[in-house]
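Me: Please take a close look at one part of this model for me, then work outward from there. Keep it brisk, and state your cut-offs.

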Amino acid sequence: MYVRTRFAPSPTGVLHLGGLRTALYNWLYARRHGGEFLLRIEDTDRARSSDENVRTLIEALRSFGLDLDGEPLLQSSRVQRHREVAQELLERGAAYHCYCTPDELAAMRDEQRARGADPRYDGRCRERTAPRDGVKPVIRFRRPDTEEVVVQDWLHGEVRYRNAQLDDLVLLRANGSPTYHLSCVTDDEDMGVRQVIRGDDHLNNTPRQLQLIQALGWTPPEYCHLPLLLAPDGKKLSKRDEATDALHYLRAGYLPDAVLNYLARLGWSHGDQEVFSVSELIDSFGRTGLGASASRLDAGKLNWINQQHMKGADAETLSEGLATQLKRLGLDPGDGPPLHQAVEAWRERAETFADMAQAARWAYSGVIELDERASRKFLRPVVREALAAVRNALSGLEDWAPGAIHACIAETAESQGIGFGKLGQPLRVAVTGGAVSPPIDTTLSLAGRARTLDRLDKALAYIDARIAAADPAAQG
RNA sequence: GUCCCCAUCGUCUAGUGGUUAGGACACCGGCCUUUCACGCCGGCAACAGGGGUUCGAAUCCCCUUGGGGACGCCA
C-alpha cells in the first residue's frame, strides 16, 4: 500500500513535545517506506489561530529536520469544499437540517444527565421537513443504524463501539462553517492520506469519522493511535510548563537529532538499541516496535542521549552550539580559544551545550571567579614556591601547546620534589577558578599564555594574602 | 455517570505459554586516571491485586484497583 502520512496540528500555540513525537512518527513512517509526509494546519477555529502560530509551527518542524512533501495546507482555505461535501451528504439523505438552538441542546443535555442518561443528541429534528422561523439550521450527520462500528488500529487491534453510543454530530454550523470531523475526513480523503497516525485522544473520534467515510463511499485510511506523553510525575503534560515546548530544548542547547532520538524511543523500541542517528531511525522504524501504554518524560535519559549524540557530532555542529550558548552567557566566542579546540575538550564532559558553555566560561572571559572551597583547599601557602616556579617555567615556554605544557609542568614538579597531581590541582584552580576542568595541559592550552600567567600572578597574590592574614607579624 | 484505552525495576522498555524475567537511564560500589567526564566491570531494583484456562502463565480470559482519554454549533 502506498504510504502518505500527515501531521495535522491546530496552531493554537507552540509545538509541544507530544505533537513533535506524533509528527516524528508520521515522518519516519513515510521516510521509511518511501512515501510522503504532509502538513495540514487545522486553523478553522479562527479565534485560537494566528499567522504567527502557523509560522512558528512550520519553523519548529524545520528546526528538527522534519521536511515536508508539498506545501502546508491551511484547512481554512478548504471551507468551500467542506460545504460541498455536507451538501452531498444532505442530498444522499445521510444528513439533515437541525433547528435546535444551543440553549435547547444545553437544556436537553442537562435533563439527560439529571436522569442519569448519557448526554447525546436525541435526533428530534431527524424527521423534520419544515424550517423553523428565526432559526438558522445546522447540518447534522444521520448516524447509520448498524449494530456497531469497528475501528482497526495498528496498536489496539479491533476496537468496537456500539452504535447507540454515538449520536448525530454537527457537520456544518449555523454560520456555515464546517466542524472538525467533516473537515478532517474530507481533507484526508482529498490529500490522499493513507495512514492516520495521531494521539490516543482521537481514538474515540474514529468511529464517527469512519461512519462519515462510509456514508461518502470513501476508503478509510489505516489508523494508529499513539499513547500520550505524560509529565515526569505521571500527570498530564501542562502546556504552561516550558519543558513542554519542543523549541525550548533547542534553545537550551540540545541537539535536534538527540531530541528526536529520545522522543522516538518513548513508545517505540528496536531491540536493545538506545542511541539512533536519524538515518538509523528511518531504517529501523516501524509499527512492530510500537508500544500501547503512555510514557513519562525523563530529563535524565534525554540528557544522556544528548551527550551520546554530542560525542559523535562533527566539530562544526558542536562549535555552533557552543558559540550560541556562550553568547547567551554574555561571553564573546571570539575572545578565547578556537571553538573547535574547546569542543574537543568538552564533548565528552557536557550533557548539553548549555553545560558546555558554563564549563568553558573561564576560557572565554577575561576575569574568573575563584571558587572559595577550591581555592581554600588547593591554593595553600605550601604550594606557593612550586606555583611560582611553574609560572616562571611557563612564561619562557616557546610552544604553547598541550605537549610542551605537559612536559614543562612535569619537569617543574620533579624539580620541586612533588607529584604531578599535587601541582596540577593548584594550577587548575588558579587558571579556571574551580577544581574541575579538562586535563591540565589542555586547560592551560585553552586558557592561552597571557591569561594563564595573569591568573597565576593573581593566585600567588591570593596565597600571599593568606600568609599575611595567618601571620600578621611576617608582613614587616 | 457512560464509553474507550492502558498496566513488567523509580523511569524508558525487551518479553507474545516453559527465561536464573533481558537491556538502558538514574542510583550505589570498583577499575582507569593529574581533577572532572568518557570508558570498562559489578550491585540494587519489576510482572498492580484476585479469580479462572492449562501439566505449566508476565504472556490467554474475567473481575477489582489504579492511571489516562472521550462524551460541544473546540480541534
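Reply: The surface near RNA strand B is made of 21 nonpolar, 21 polar and 22 charged residues. (Ala, Val, Leu, Ile, Met, Phe, Trp, Tyr, Cys and Pro count as nonpolar; Asp, Glu, Lys and Arg as charged; the others, Gly among them, as polar.) The model is predicted: local features need pLDDT of at least 70 and side-chain atom pairs 80 or more, while totals for chains, interfaces and linings use all residues, and side-chain values rest on heavy atoms, without hydrogens or water. Residues are numbered from 1 along each chain as its sequence is written, with chains lettered from A and ligands numbered from 1 in the order written.

In total, 64 residues surround RNA strand B. (Near means a heavy atom within 4 Å.) Arg173, Gly267, Glu348, Arg349 and Ser437 are the closest. On the RNA side, sugar and phosphate make up 71% of the strand B atoms that come within 4 Å of the protein.

Which elements supply this surface with at least two residues each? They are α4 (102-114), β5, β7 (157-162), α5 (180-191), β12, α10 (299-312), α17 (420-432) and α18 (440-447). (Helices are DSSP runs of H or I, at least four residues; strands are E, at least two; both are numbered from the N terminus.) Helix α10 gives the most, with six residues.

Three polar contacts give detail. (These are pairs of N or O atoms within 3.5 Å.) Ala174 uses its backbone: an N or O atom there lies 3.2 Å from a base oxygen of RNA strand B. His406 also faces a base oxygen of RNA strand B, with a polar side-chain atom at 3.4 Å. Ser269 meets the phosphate instead: a side-chain N or O atom sits 3.3 Å from a phosphate oxygen of RNA strand B.

Take β12 next, one of the contributing elements. The strand covers residues 295-296 and holds Ser295. Ser295 is buried, because its relative accessible area is 14%. (Buried is under 20%, exposed over 50%, partly exposed in between, with a 1.4 Å probe and protein chains only.) Beyond its neighbours within four places in sequence, Ser295 contacts Arg21, Leu228, Leu229, Leu230, Leu266 and Gly267. (Contact means heavy atoms within 4.5 Å.) Gly267 is also among the residues closest to RNA strand B.

Strand β5 is another contributor. It belongs to an open sheet of three strands, ordered β4-β5-β8 and paired antiparallel. (Pairing needs at least two DSSP bridges.) β4 (95-98) and β8 (170-172) are the edge strands; each has a single partner, so one side of each has no neighbour in the sheet. From one strand to the next, the twist averages 45 degrees. (Axes are lines fitted to C-alpha atoms, for helices over the stretch in contact; angles run from 0 to 180 degrees between N-to-C directions.) β5 spans residues 138-141 and is joined to β8 by two bridges. Ile139 has Leu172 of β8 as its bridge partner. Helix α3 (residues 79-91) lies across β4, β5 and β8, at about 100 degrees to β4.

The loop between α4 and β5 links two of these contributors and contains Arg124. Arg124 is partly exposed, because its relative accessibility is 45%. It touches Cys100 and Met108, leaving out residues up to four places away in sequence. Tyr99 is 25 residues from Arg124 in sequence, and their C-alpha atoms are 9.4 Å apart.

Now α5, also on the contributor list. Trp218, in the loop between α6 (206-215) and β10, leads there. The C-alpha atoms of Trp218 and Val185 are 9.6 Å apart, with the two positions 33 residues apart along the chain. Beyond four places in sequence, Trp218 touches Arg81, Val85, Val185, Thr186, Glu189 and Ile213. Trp218 is buried, because its relative accessible area is 16%.

After that loop comes β10. Strand β10 (residues 222-226) runs parallel to β9, with five bridges between them. Ile197 stands opposite Cys224, and Gly199 opposite Leu226. Strand β9 (residues 195-199) has five of its five residues buried. Four of the five residues of β10 are buried, so the rest of the structure largely encloses this strand.

How values were computed
Polar contact = N/O pair within 3.5 Å; in protein donor to acceptor, adjacent residues only side chain to side chain.
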